Amino acid sequence: MYLCPQKIFLLSLNNITMGKRKVLVTLLLIVAGMQTVFAQKIILYKSNGETIKCDVSELDSIVFLEKDPIVIENHEWVDLGLPSGTLWATCNIGSSCPEEYGDYFSWGETEPKTVYDTGHYKFNKGSGKMTKYCTVSSYGLNGFTDGLTELEQMDDAATANWGSEWQMPSFAQMQELINTQFTTSTWTTINGFIGRKIMSKQNDNWIFIPASGYCESVMLYREGSYGSCWTRSLIESSPNNAYDWGFTYNSIGWGVDRRYIGLNVRPVRIEKIQRVAVTEIILSEVILHLLFGESKGITATVLPSDAYFPIVTWESSDESVAQVDSDGLVTAFFPGTCTITCRAADGSGVKAECQVTVEEEPVSIVGTGIQPSYKRFIYPQGCEGH
């Protein structure tokens with residue numbers, strides 16, 4: 001974003017005799033569309049009824065400014081028809097076209113550099129201890145915490161480099177971008193640069209993210225085979241890391257990286273409207289008993305009904321016991337217990353949980369007169385074995 005120079009008319013009245021000063025002040029006021037007479041005092045009448053009086057001899061200079069500076073937008077963006085309305089930039093910061101890599105930034109820093117390690121990281125002191133954006137005392141310098149989970153404007157590389165209309169994407173915005181309900185992603189080459197083309201399913205608009213690798217120490221790694229960009233969101237449980245999103249030739253998804261490494265930044269436009277966030281998730285099952293190999297679906301109801309981004313994600317605390325797919329279908333794999341968590345993808349932090357117990361199948365001995373035995377199977381209340 002560039003600001004056109006403001007039209008400034010400045011005349012210094014120092015070293016000008018009293019008589020000449022009167023004449024010059026009068027001329028300036030006439031140019032400004034105001035009427036005056038040669039006098040010892042000047043009275044300015046403001047639109048709100050206020051008046052300002054002063055002696056001509058007290059004036060040092062008069063400055064005329066345009067009411068508002070003219071802003072010329074110098075960065076392009078694309079509307080991908082996403083539910084949130086997020087507009088994505090067509091280029092990385094530091095690049096002039098979509099396929100160029102651009103600059104690399106440590107998370108929370110606003111300028112590129114030559115060395116990316118803990119010793120050269122802005123918010124690191126001592127043995128990897130954080131001095132800002134820390135939610136767990138064991139990660140902070142002398143137990144420091146501040147509870148900040150998203151970058152402030154002063155530490156946002158997009159805002160600092162492109163202006164107040166831009167910011168780094170949130171974790172929720174990143175998830176929305178790569179959600180297969182809304183976009184497709186293809187590994188391709190544009191003007192000799194390899195990367196992923198992300199195309200909207202709504203309007204066929206697209207953006208290209210180059211496989212620019214990442215910087216650590218003084219080296220650039222995996223250029224041409226891997227790409228990654230920062231979000232502005234911190235990992236609350238492990239605040240020496242932040243969320244990013246990365247991709248290779250066969251996949252794209254969200255990830256976690258150490259804050260000091262260098263990644264690209266793909267900005268988004270700052271939203272101008274207030275959107276309704278998710279406040280509650282209600283699950284159809286909060287306790288689930290499954291046999292080994294059995295599957296059962298969990299339905300999530302998102303409230304309020306007019307939430308702007310009612311998408312949820314699913315995860316299992318122990319995938320060796322049970323796994324869950326993107327539709328909430330839980331499949332039992334091994335006896336044990338785990339927690340299925342359903343999270344709102346809008347960044348609100350709202351979640352709901354279901355406790356899952358997986359049991360072995362009962363063993364029945366047929367034709368021996370011996371009653372079937374049930375290995376560790378816990379029947380739901382009111383049910384009996386057969």
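**Group meeting: sheets, rings and confidence in a predicted model**

Okay, let's start with one residue pair: Ser316 has Ile340 in S28 as its bridge partner. That bridge belongs to the pairing of S25 with S28, which is antiparallel and runs over five bridges. Before I go on, keep in mind that this is a predicted model.

So where do S25 and S28 belong? They are part of an open sheet of four strands, ordered S22-S29-S28-S25, with mixed pairing. At the edges you have strand S22 (287–291) and strand S25 (312–316), and each of those pairs on one side only. Going from one strand to the next, the twist averages 25°.

Now look at the middle of that order. Strand S28, residues 336–344, pairs with strand S29, residues 351–359, in the antiparallel sense, and there are eight bridges between them. If you want to find your way along the two strands, here are two places to look. Gly336 stands opposite Val358 in S29, and Thr341 stands opposite Glu353 in S29. For anyone who wants the background, strands of a sheet pair through backbone hydrogen bonds, in either a parallel or an antiparallel way.

While we're on S29, let me pick out Thr357, which lies in that strand. Is Thr357 buried or exposed? Its relative accessibility is 17%, so Thr357 counts as buried. And what does Thr357 touch, leaving aside residues up to four places away in sequence? The list is Leu288, His289, Leu290, Gly336 and Thr337.

There's another open sheet to show you, this one with three strands. The order is S23-S27-S26, and the pairing is antiparallel. Strand S23 (295–297) and strand S26 (322–324) are the edge strands, each pairing on one side only. Here the twist averages 20° from one strand to the next. S26 and strand S27, residues 329–332, are antiparallel and share three bridges. As an example to click on, Gln323 has Thr331 in S27 as its bridge partner.

Right, on to the aromatics. How many aromatic pairs does a search of the whole structure find? It finds 13. One of them is Trp107 with Tyr133: edge-to-face, 5.3 Å centre to centre, with 75° between the planes. Why bother with this pair? Trp107 sits in the loop between strand S8 (87–89) and strand S9 (124–125), while Tyr133 sits in the loop between strand S10 (129–130) and helix H2 (157–162), so the pair ties together parts 26 residues apart in sequence. Both Trp107 and Tyr133 are buried. They also have company, since ring pairs link Trp107, Tyr121, Phe123 and Tyr133 into a cluster.

Two more tryptophans are worth a look, this time with charges. Lys197 has its charged end over the ring of Trp206, 4.5 Å from the ring centre. Likewise, the charged end of Arg269 sits over the ring of Trp77, at 4.2 Å from the centre.

Last thing, confidence. The average pLDDT for the protein chain is 82, and 76% of the residues score at least 70. Which stretches should you look at with that in mind? Over residues 66–72, pLDDT stays under 50, and the model has eleven contacts for them beyond four places in sequence. Over residues 372–386 the pLDDT is also below 50, and that stretch has 22 contacts in the model beyond near neighbours in sequence.

That's my tour, so over to you for questions.

How values were computed. Residues are numbered from 1 along each chain as its sequence is written. This is a predicted model: local features need pLDDT of at least 70, side-chain atom pairs count only at pLDDT 80 or more; totals for chains, interfaces and linings use all residues. Side-chain values use heavy atoms; hydrogens and water are left out. Rings of Phe, Tyr and Trp (its six-membered ring) pair if their centres lie within 6.5 Å; planes under 30 degrees apart count as stacked, over 60 as edge-to-face and the rest as tilted. Buried means under 20% relative accessible area, exposed over 50%, partly exposed in between (1.4 Å probe, protein chains only). A charge sits over a ring if NZ of Lys or CZ of Arg is within 6 Å of the ring centre and within 35 degrees of the ring normal. pLDDT is the predictor's confidence in each residue, from 0 to 100. Contact means heavy atoms within 4.5 Å. Two strands pair if DSSP finds at least two bridges between them. Axes are lines fitted to C-alpha atoms, for helices over the stretch in contact, and angles run from 0 to 180 degrees between N-to-C directions.
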